[in-house]
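Here is a short briefing to read alongside the sequence and the 3D view. Take a moment to look around first, and then we can walk through the topics one by one.

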Amino acid sequence: MIGRRDTVSGAHFAFTDRWGGVSAVPYEKLNLGGAVGDDADAVRTNRELAAKSLGIDPARVVWMNQVHGAEVAVVSEAWGNRPVPEVDAVVTAERGLALAVLTADCTPVLLADPVAGVVAAAHAGRPGMIAGVVPAAVRAMAELGAEPGRIVARTGPAVCGRCYEVPDAMRADVAAVEPAAYAETSWGTPAVDVTAGVHAQLDRLGVHDREQSPVCTLESDDHFSYRRERTTGRLAGYVWLD
Ligand SMILES: [Zn+2]
C-alpha cells in the first residue's frame, strides 16, 4: 500500500507501491490512475483505501491530468466536479490539502517548505524534466513565500538510469539540456537518468535537502512499470501539510 513515508516538520511525504488495492489484472492491485483503462469504481476504491491508510480525506486530494509538460497549477482546493487541468505540477499553501502525482517509471517529485507552509507535487518524465517542470514548480512555490534553502525534496520510485535505454541521439539531446541525466544501461547501451537530472536541477536552485527512493520501478515487482508492462497501473506520490 504505502511503500515509503516520512514527515519533516509537519510536511508529509508518501509513495505507494502496487499492493493493497482492488484492481484486477493487469492493474493489480492498487492502481491509482484514472486514465489507464482500469475500472473507475476500482480506482475510486483504491484512492479511498490509500487516503485512509495515509490518514487524509480522499475528497481533499488534488490530482492532475498529466501531459509531460511544464505547466503548474496553484490550487487552494480539490477540483471537485470541475475538469482536471492538463498540468504536470501542482502547488498549494493550503494546509491539509494533499497533492498527488501519478507515475509508472517517470519520476514523482514532492516538495515542501514547512516554514512557509507551501508544498508541490510534480511529474517529471524525460520530456518534463527537459522542459523544466521541477524548476517551474519551485518558482511557483517561491511566489507563495517558499525559499529554496528551506525546501525538502523527495523523489519516488522511478525507472533508473541503468534500465532506461534510449537511442543514442535522444541521450545526446537530453544531456545537452541536463548533463546529469546522461547514463548508460547495465548492458552498456545509451540511457537516461531522469531522477539524476531532477536532483541536479534542484541542486542548482538551492534545494539541498533531498532524498531519492532506492526503488527502480522496472526492476521491482512491487511497483508498476510502463516500460516493463505497457498496460499497467499507476503509483502515486502524496505531499501535504498538517
Ligand atoms: Zn533499474
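Is Arg-230 buried, partly exposed or exposed? With a relative accessible area of 48%, Arg-230 is partly exposed, because that class runs from 20% to 50%. Please keep in mind that this is a predicted model. The points below start with the zinc site, then move to a helix, a pocket and some backbone details.

**The zinc site**

- Four residues coordinate the zinc ion: Cys-160, Cys-163 and Cys-216 through their SG atoms, and Glu-219 through OE.
- The distances for this coordination are 2.0 to 2.3 Å.
- The arrangement is tetrahedral because the four donor atoms subtend angles of 100 to 117 degrees around the zinc ion, and tetrahedral requires all angles to lie between 85 and 135 degrees.
- If you want to find the donor residues in the sequence, their spacing is C-x2-C-x52-C-x2-E.
- Cys-160 and Cys-163 are both buried.

**Helix H4 and its two faces**

- Helix H4 spans residues 168-177, and its buried residues are Arg-171, Val-174 and Ala-175.
- These buried residues lie on the same side of H4, because they cover an arc of only 95 degrees around the axis.
- On the face turned away from that buried side, H4 carries the exposed residues Ala-169, Asp-173 and Ala-176.
- The cover over the buried residues of H4 includes helix H2 (126-131) as well as strands S10 (182-184) and S11 (190-192).

**The largest pocket**

- The volume of the largest pocket is about 640 Å³.
- Its lining is made up of 30 residues, and those nearest the centre of the pocket are Gln-66, His-68, Cys-106, His-123 and Arg-234.
- At least two lining residues come from each of strand S6 (98-103), H2, helix H5 (194-205) and helix H6 (226-229).
- H2 therefore turns up in two places: it helps to cover the buried residues of H4, and it supplies part of the pocket lining.

**Backbone details worth a look**

- As background, most residues other than glycine have a negative phi, and most peptide bonds are trans.
- The peptide bond from Val-25 to Pro-26 is cis, with omega near 5 degrees.
- A cis peptide bond also links Glu-28 to Lys-29, with omega near 0 degrees.
- Pro-26 lies in the loop between S2 and H1, and Lys-29 is placed in the loop between S2 and H1 too.
- Ser-9 is not a glycine, yet it has a positive phi of about 50 degrees.
- You will find Ser-9 in the loop between strand S1 (2-8) and S2, where it counts as exposed because its relative accessibility is 63%.
- Arg-230, the residue from the opening question, has a positive phi near 65 degrees and sits in the loop between H6 and strand S13 (235-241).

**Two aspartates in loops**

- Asp-39 is found in the loop between strand S2 (11-16) and helix H1 (40-54), and it is partly exposed because its relative accessible area is 44%.
- Asp-39 and Ser-23 are 16 residues apart along the chain, and their C-alpha atoms are separated by 7.5 Å.
- Asp-57 belongs to the loop between H1 and strand S3 (61-62), and it counts as partly exposed because its relative accessibility is 39%.
- Between the C-alpha atoms of Asp-57 and Gly-96 there are 8.6 Å, with the two residues 39 apart along the chain.

Definitions and conventions:
Residues numbered from 1 in each chain as written. Predicted model: local features only at pLDDT ≥ 70, side-chain atom pairs only at ≥ 80, totals over all residues. Heavy atoms only, no water. Donors = N, O, S within 2.8 Å, 3.2 Å for Na, K, Ca; no water. Tetrahedral: all angles 85-135°; square planar, octahedral: opposite > 155°, others 65-115°. Buried < 20%, exposed > 50% of the residue type's maximum accessible area, 1.4 Å probe, protein only. Helix = DSSP H or I, 4+ residues; strand = E, 2+ residues; numbered from the N terminus. Arc of directions from axis to C-beta. Contact = heavy atoms within 4.5 Å. 1 Å grid on protein atoms, 1.4 Å probe; cavity = no way out; pocket = protein on both sides within 12 Å on 5 of 7 lines; lining within 4 Å. Points joined across faces, edges and corners; volume = space filled by probe spheres on them.
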